[in-house]
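Work through the exercises below with the sequence and the coordinates side by side, and try each task before reading its solution.

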Amino acid sequence: MKAFVLRSYGSPDALQLTEIDKPVPAADEVLVRVRATSVQPYDWHLMRGEPYLARLMGGGPGLFGPKIRVLGADIAGQVEAVGRDVTEFRPGDEVYGMPKQGGFAEYACVRAGELVPKPKNLSFEQAAAVPMAAGTALLGLRDDGRIQPGQDVLVNGASGGVGTFAVQLAKAFGARVTAVCGTRNVELVRSLGADEVVDYTAEDFTRRGRRYDLLLDCAGSHPASAYRRALTPKGAHVIVGGPGGRWLQPMGRIISALAASPFVSQRTALTDVVRCTENKRNLTTLAGLIEDGRLTPVIDRSYPFEEIPAAIVYQEQGHATGKVVVTV
């Protein structure tokens, strides 16, 4: 099969399109014919091995070279074969999931617990836009933010991959949603259900005098002290993203915010979708919301498989509205 293989850290040019053996599913795995995947910060952090501090961590990208050779965290496709212990899938089933690697290839072996049936009202490309971004938004709001109906929720970075899902999910949970984005995306974000939209080029939401019960931060655009100013006394600041750097960021901002949290009344939490061990339950929840019409992926651009490096270049620029997907 064809796959983009990462042999050493570097720019998107480090991804080499080559022929490798088609994987064979283990007893608890499913072999998926990948029809679509998506690109996201998770992929290019692993590709570049940044921030460098992450290489020292057990779950990091690898100290001297990449531990994951075939990137691609999200997949949508059709079941090609199943392992001997898999009973819930059979060849031909349309599925989607978040194996966290292997999507930049024509075939991928995925644990059965990381797959669910693809929502019937989505194309493969749309389904591939969902797992990691929507899963992060779901964990940030429901699990870490402990969202409740009637709360005032602010989504900072509302036009990105996680942000576009977060606005819709917060509305589905019954919250009043304020969304922060740039000028060109104001109308799009409003169409996703935001009750109020703040254009960050014209106004600083931390200085408006408004206070929120939950602030989901996808942008990392302010220091922790500014976010606390925008929260109610018992409000929650949930960190899900922000600009990266070669050595420390975004980990430095996260560490700073978490270090201050024991000394203030507001709560700070970090959402890391990779920690989730219940992908199947969360993917099923998302599929139900999608089929009910309450959640819709926003896709900025779609690239052919051979142009995965170009898709990553575009995504790394940080200006994508919604998701960048790849047709395999």
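**Exercise 1: the surroundings of N279**

Leaving aside neighbours within four places in sequence, N279 is in contact (heavy atoms within 4.5 Å) with M98, K100, G113 and E114. The model is a predicted one, in which local features need pLDDT of at least 70 and side-chain atom pairs count only at pLDDT 80 or more, while totals for chains, interfaces and linings use all residues. Residues are numbered from 1 along each chain as its sequence is written, and side-chain values use heavy atoms, with hydrogens and water left out.

Task: Place N279 in its secondary structure element, and decide whether N279 is buried or exposed.

Solution: N279 lies in helix α8, where helices (H or I, at least four residues) and strands (E, at least two) are DSSP runs numbered from the N terminus. N279 counts as buried because its relative accessibility is 8%, the term buried meaning under 20% relative accessible area and exposed over 50%, with partly exposed in between (1.4 Å probe, protein chains only).

**Exercise 2: helix α3**

Task: Explain why helix α3 is described as largely enclosed by the rest of the structure.

Solution: Helix α3 spans residues 131-144, and twelve of its 14 residues are buried, so the helix is largely enclosed by the rest of the structure. Among the buried residues of α3 are P131, M132, L138, L141 and D144. Just after α3, R146 takes a positive phi of about 50 degrees.

**Exercise 3: two nonpolar cores**

Task: Find which residues of the largest nonpolar core touch the most other members, and which helix gives the most to this core.

Solution: A nonpolar core is a set of buried Ala, Val, Leu, Ile, Met, Phe, Trp, Tyr and Cys residues joined through side-chain atoms within 4.5 Å. In the largest one, which has 47 residues, Y96, L141 and V167 touch the most other members. Helix α4 (residues 161-172) gives the most to this core, with six residues. Apart from its neighbours within four places in sequence, V167 is in contact with V155, A158, V177, A179, V189, L192, G193 and A194. A second, separate core of 40 residues includes V5, W44, L46 and V328.

**Exercise 4: the chain as a whole**

Task: State how many helices and strands the chain has, and what share of its residues count as buried.

Solution: The chain has nine helices and 15 strands, and 54% of its 328 residues count as buried. Among contacts with a separation of 6 or more, 67% join residues 24 or more positions apart.
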